[in-house]
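Grab a pencil and work through these exercises one at a time. Try each task on the structure yourself before you read its solution.

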Amino acid sequence: MEKLLSPTADHELWKEFKAGNKQSYETLMKAHYRSLFTYGLKFSKDGEFVKDCIQDLFLELWKNRETIGNLSYVRSYLFKCLRNKIWRVLHQQRWHHQAEQLEDDYYFDVEFSIEHHLIREETLRDTATKFADLLNQLPKRQKEIIYLRFYQNLEIDEIVQIMEINSQSAYNLLHKAISSLREMPLAHIRP
């Protein structure tokens, strides 16, 4: 399981990477690969495709390291870059039947995983599955913001960069998603 770096450690590694330090580059890749892969799978179920996009992303970063600016939030920048790369490739190669409508109607599925939640009792697993089903009833952008905020623990400033929306829109979208979840019948998720 990857060990998340603090924003300060990320920032220092980023500066060293930009200066051409290959070890810092590799550390950044290793530190963020799993969360990028998990996020990429929200847009495409094709794991090999997502791995290729991540590899291409890091190759492009290395190639363009001298022209990329300094970042406050390295992790959210990587998420945004991967999201844009997946969209671009899906659109260009039409690997996804909805690529032309990607902006408003793209694949994004929320799933609970062992890595995020160690659910040991059967009733808790059942509850988690039912809750995931409720989450998947939300519109795609609402699912995405819930995932970024609560599963990836990103701040609103980082989410704004990833989803390319303004702060007020992010707060509104998150509020609407949470309100929608509260309005759903709780009887369906209780064991």
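**Exercise 1. Place N166 and say how open it is.**

Step 1: N166 sits in the loop between α7 and α8. Helices here are DSSP runs of H or I with at least four residues, strands are E runs of at least two, and both are numbered from the N terminus.

Step 2: N166 has a relative accessible area of 46%, so it is partly exposed. The cut-offs are: buried under 20% relative accessible area, exposed over 50%, partly exposed in between (1.4 Å probe, protein chains only).

Step 3: Now look back along the chain to I156, 10 residues from N166; their C-alpha atoms are separated by 9.6 Å.

Before you go on, a word on the ground rules: this is a predicted model, where local features need pLDDT of at least 70 and side-chain atom pairs count only at pLDDT 80 or more, while totals for chains, interfaces and linings use all residues. Residues are numbered from 1 along each chain as its sequence is written, and side-chain values use heavy atoms, with hydrogens and water left out.

**Exercise 2. Sketch the whole chain: which elements does it have, and how much of it is buried?**

Step 1: Count the elements, and you get eight helices and zero strands. Written in sequence order, that gives α-α-α-α-α-α-α-α.

Step 2: Check the burial: 45% of the 191 residues count as buried.

Step 3: Turn to the surface. The chain exposes about 11100 Å², and carbon and sulfur atoms supply 50% of that. The areas come from the Shrake-Rupley method with a 1.4 Å probe, and for residues only the protein chains shown count as cover.

Step 4: Look at the contacts (heavy atoms within 4.5 Å). Among those in the chain with a separation of 6 or more, 69% join residues 24 or more positions apart.

**Exercise 3. Describe how α2 and α3 pack.**

Step 1: Know what to look for. Two packed helices are described by the angle between their axes and the distance between the axes.

Step 2: Read off both values. The axes of α2 and α3 (residues 47-63) come within 10 Å and cross at roughly 150°. That makes α2 roughly antiparallel to α3. Axes are lines fitted to C-alpha atoms, for helices over the stretch in contact, and angles run from 0 to 180 degrees between N-to-C directions. Angles under 35 degrees count as roughly parallel, over 145 as roughly antiparallel, 65 to 115 as roughly perpendicular and the rest as oblique.

Step 3: Get the handedness: α2 passes α3 in a right-handed crossing. A crossing is right-handed if the near helix is turned clockwise from the far one by less than a right angle, and left-handed if anticlockwise.

Step 4: List who touches whom. From α2 come K22, Y25, L28, M29, Y33, L36, F37 and G40, and they meet G47, V50, K51, I54, F58, L59 and W62 of α3.

Step 5: Sort this contact by class, and you find 11 nonpolar, two polar and two charged residues. Ala, Val, Leu, Ile, Met, Phe, Trp, Tyr, Cys and Pro count as nonpolar, Asp, Glu, Lys and Arg as charged, and the others, Gly among them, as polar.

**Exercise 4. Now do the pair α4 and α7.**

Step 1: α4 (residues 74-93) and α7 (residues 156-163) pack at an angle of about 20°, with axes 8 Å apart. That makes α4 roughly parallel to α7.

Step 2: The crossing of α4 past α7 is right-handed.

Step 3: S76, F79, K80 and R83 of α4 touch E158, Q161, I162 and M163 of α7. Three residues of this contact are nonpolar, two polar and three charged.

**Exercise 5. Which residues of α7 are buried, and what covers them?**

Step 1: Six of the eight residues of α7 are buried, so the helix is mostly covered. They are I156, E158, I159, V160, I162 and M163.

Step 2: Their cover includes α2 (22-40), α4, α6 (140-151) and α8 (167-183).

**Exercise 6. Where is C53, and what does it touch?**

Step 1: C53 is in helix α3 and is buried, with a relative accessible area of 2%.

Step 2: Setting aside neighbours within four places in sequence, C53 is in contact with L82, K85 and I86.

Step 3: C53 and L82 are 29 residues apart in sequence, yet their C-alpha atoms are 7.0 Å apart.
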